Amino acid sequence: ATVLKCTSQKQCTLVEVFGDASFNFLMGGERRLINLDGKTENILDYEKVGLFYERLAVVKEGELYGFIDNTGSLVIPTQYDSALGFSDGLAAVEIGEQWGFIDTTGALIIPAQYDIVGEFSEGLASVIIGDEYRFIDKTGAIVIKPQYDGAGSFSEGLAAVKIGELWGFIDKTGLMIIQPQFNSVGYFLDGIASVRKYDSQN
C-alpha cells in the first residue's frame, strides 16, 4: 500500500492504494473514493470499507457485509455475516457460521458449508471442515483430499501445508514437493519462498 500525506484537514488524512484505479481515503473525517486522475468520488457511508480487489471492496453496514464497486455503488447488498475480498473471481462469505463463495454478481457459487476458508489462488482454495484442511476447485469439488493440519494459498504452483508441527510444500496434485521440515514459511515469489527452521535445542 502507498500512504499519501496531505497538507490540510480539508484534504486526505489517510490514503490506501488498492491497485484497481481507486483510492479509499478520509477527507475532513469523511471516507471517500478518489480515482487515479485525482477526482473525488462518492462519500462512503459505511462502518468499514475494505481493500479493493478485482474492482470490488468489502463494506460493513450495521452487522452485515456486502460489496461496493470502484465508483462507491453498492453492487452486492450487505447481507453476509462476514466477507473476504475477491480473488480469482470469487469471494468468501459467511452465512450463519459457515463459509461459501460468491462470484462478482453476488451469485452463491459454492454453498456455505465450511468452518474456515482461504482465498482462491491459481484456481484452488484451502478449506476446513472439522479439523482437517483440504483443497477445492471453483466448483467446490475436492481436488486434494483432507490430510493437513494447516494450509496456505497456491503461488507459482506450490502451496504450503502443515503436517504435525512442520511445514512443507505441495503441488496442485497434492504431491509433496518439499518435505515438511520448516517451523514457518511464506509463499513463493519469483521462485523463492522465505522459511524458518529452528534449532531443536532452542
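How many bridges pair strand 18 (residues 159-163) with strand 19 (residues 166-170), and in which sense do they run? The two strands pair over five bridges, in the antiparallel sense. Keep in mind as you look around that this is a predicted model.

## The sheet around strands 18 and 19

Strands 18 and 19 belong to an open sheet of four strands, ordered 17-18-19-20, with antiparallel pairing. Strand 17 (150-151) and strand 20 (176-182) each have a single partner strand because they stand at the edges, so one side of each has no neighbour in the sheet.

To find your place in the pairing of strands 18 and 19, look for Ala160, which stands opposite Phe169 in strand 19.

## Strand 7 and its first hairpin

Now turn to strand 7 (residues 64-69). Most of this strand is covered, with five of its six residues buried.

On one side of the story is strand 6 (residues 56-61), which runs antiparallel to strand 7 and is joined to it by six bridges. Here Glu61 sits opposite Leu64 of strand 7. The two strands form a hairpin with two residues between them, and in the turn Gly62 has a positive phi of about 70 degrees.

## From strand 7 to strand 8

Strand 7 also pairs with strand 8 (residues 74-80), again in the antiparallel sense, over three bridges. Ile68 and Leu74 of strand 8 stand opposite each other.

This hairpin has four residues between its strands, and Gly72 takes a positive phi near 95 degrees. A handy reminder when you follow any of these strands by eye: in a regular strand, side chains alternate between the two faces of the sheet.

Key. Residues are numbered from 1 along each chain as its sequence is written. This is a predicted model: local features need pLDDT of at least 70, side-chain atom pairs count only at pLDDT 80 or more; totals for chains, interfaces and linings use all residues. Side-chain values use heavy atoms; hydrogens and water are left out. Buried means under 20% relative accessible area, exposed over 50%, partly exposed in between (1.4 Å probe, protein chains only). Two strands pair if DSSP finds at least two bridges between them.
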